[in-house]
Amino acid sequence: MKSLVQAKLINWHFFENQTISFAGSTLITGENGSGKSTILDALQFALIGDQRKIRFNESAHSQSKRDLMGYLRCKTGSEQSAYLRNGDFTSYVALEFCQTEKNTSFVAGVVVDVYASGDHEAGYFIIGNRTIDDSLFLERSSTGKLRPYSRKEFREKIRFERDARFF
């Protein structure tokens with residue numbers, strides 16, 4: 001049996017760098033606008049390989065028009081600044097699973113490079129015998145700030161992992 005242990009969200013809507021832990025049966029609760037649907041949509045995005053089949057925020061009220069760019073760029077709805085993220089950046093949704101019968105973990109997810117032009121490139125990955133930690137996705141810049149590896153840098157980084165695949 002495979003159990004979801006953690007989710008790592010980097011530059012996914014209002015989540016800049018958040019690790020969410022799951023244990024057994026997990027109940028996600030909170031006030032309206034606290035991020036419940038955002039978390040569920042991130043899980044859906046990482047688990048469904050065909051982006052055309054993703055239906056973001058299906059359970060929310062009909063006025064909600066969430067889409068991938070809205071999550072990646074962090075659509076605010078404000079007239080002064082429609083998005084919190086502009087320019088080029090990288091986003092991750094990574095999921096750590098435990099395989100109980102083998103007592104091992106693996107990480108699977110998606111990395112997306114978003115460009116100022118409005119284009120984006122996504123890559124799905126799976127890394128066996130691995131757990132989620134910041135060093136897998138982030139590097140410290142010369143100013144001391146954490147910066148996500150680009151899709152290309154990430155692919156190169158995991159190239160030497162024994163059980164890694166990048167799609």
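# Exercises on a predicted model

The side chains of Glu-156 and Arg-159 form a salt bridge, with N and O 3.3 Å apart. The structure is a predicted model, and the exercises below work through its salt bridges, its sheet and two of its helices.

## Exercise 1: Charged pairs

Task: Describe the salt bridge of Glu-156 and Arg-159, and state how exposed each partner is.

Solution.

Step 1. Side chains of opposite charge can pair when their charged atoms come close. A salt bridge is counted when a side-chain nitrogen of Lys or Arg lies within 4 Å of a carboxyl oxygen of Asp or Glu. The distance for Glu-156 and Arg-159 is 3.3 Å, N to O.

Step 2. Glu-156 has a relative accessible area of 42% and is partly exposed. Arg-159 has 51% and is exposed.

Step 3. Elsewhere, Arg-130, Asp-133 and Glu-161 are joined into one network by salt bridges that share partners. The whole structure holds seven salt bridges.

## Exercise 2: Pairs that link distant parts

Task: Find which parts of the chain are linked by the salt bridge of Glu-121 and Arg-151, and which by that of Arg-130 and Glu-161.

Solution.

Step 1. Glu-121 and Arg-151 meet through their side chains in a salt bridge of 3.2 Å, N to O. Glu-121 belongs to strand S5 and Arg-151 to helix H4 (residues 151-158), so this pair links distant parts of the chain, 30 residues apart.

Step 2. The relative accessible area of Glu-121 is 36%, so this residue is partly exposed. Arg-151 is at 19% and counts as buried, because buried means under 20%.

Step 3. In the salt bridge of Arg-130 and Glu-161, the closest N and O atoms are 3.2 Å apart. Arg-130 sits in the loop between S5 and helix H3 (134-137), and Glu-161 in the loop between H4 and strand S8 (164-166), so the pair ties together parts 31 residues apart in sequence.

Step 4. Arg-130 is buried at 17% relative accessibility, while Glu-161 is partly exposed at 23%.

## Exercise 3: The sheet

Task: Give the strand order of the six-stranded sheet and name the strands at its edges.

Solution.

Step 1. The order is S2-S1-S3-S4-S5-S8; the sheet is open and its pairing is antiparallel.

Step 2. S2 and S8 are the edge strands. Each has a single partner strand, so one side of each has no neighbour in the sheet.

Step 3. Ignoring direction, neighbouring strands are turned by 15 degrees against each other on average.

Step 4. S1 and S3 are paired antiparallel over eight bridges. Among the facing residues, Ala-7 stands opposite Leu-95 in S3, and Leu-4 stands opposite Phe-97 in S3.

Step 5. S1 and S2 also run antiparallel and are joined by six bridges. Ile-10 has Asn-17 in S2 as its bridge partner.

## Exercise 4: Positive phi angles

Task: For His-13, Asn-11 and Asn-129, state where each residue lies and what its phi angle is.

Solution.

Step 1. His-13 is in the hairpin of S1 and S2, which has two residues between the strands, and its phi is positive, near 50 degrees.

Step 2. Asn-11 is in strand S1. Its phi is positive at about 55 degrees, although Asn-11 is not a glycine. Asn-11 is buried, at 12% relative accessibility.

Step 3. Asn-129 is in the loop between S5 and H3. Its phi is also positive, about 50 degrees, and Asn-129 is not a glycine either. Asn-129 is exposed, with a relative accessible area of 53%.

## Exercise 5: Two helices on the sheet

Task: Which residues of H1 and H4 are buried, and what do they pack against?

Solution.

Step 1. H1 (residues 36-47) has twelve residues and spans 17 Å from first to last C-alpha, close to the 16 Å expected. Its buried residues are Thr-38, Ile-39, Asp-41, Ala-42, Leu-43, Gln-44, Phe-45 and Ala-46.

Step 2. These buried residues pack against strands S1, S2, S3, S4 and S5 and against helix H2 (68-73).

Step 3. In H4, Arg-151, Phe-154 and Ile-158 are buried. Seen down the helix axis, they fall within an arc of 60 degrees, so they line one face of H4.

Step 4. The buried residues of H4 pack against S3, S4, S5, H3 and S8.

Terms used: Residues are numbered from 1 along each chain as its sequence is written. This is a predicted model: local features need pLDDT of at least 70, side-chain atom pairs count only at pLDDT 80 or more; totals for chains, interfaces and linings use all residues. Side-chain values use heavy atoms; hydrogens and water are left out. Helices (H or I, at least four residues) and strands (E, at least two) are DSSP runs, numbered from the N terminus. The expected span of a helix is 1.5 Å times one less than its number of residues. Buried means under 20% relative accessible area, exposed over 50%, partly exposed in between (1.4 Å probe, protein chains only). Contact means heavy atoms within 4.5 Å. The arc is that of the directions from the helix axis to the C-beta atoms. Two strands pair if DSSP finds at least two bridges between them. Axes are lines fitted to C-alpha atoms, for helices over the stretch in contact, and angles run from 0 to 180 degrees between N-to-C directions.
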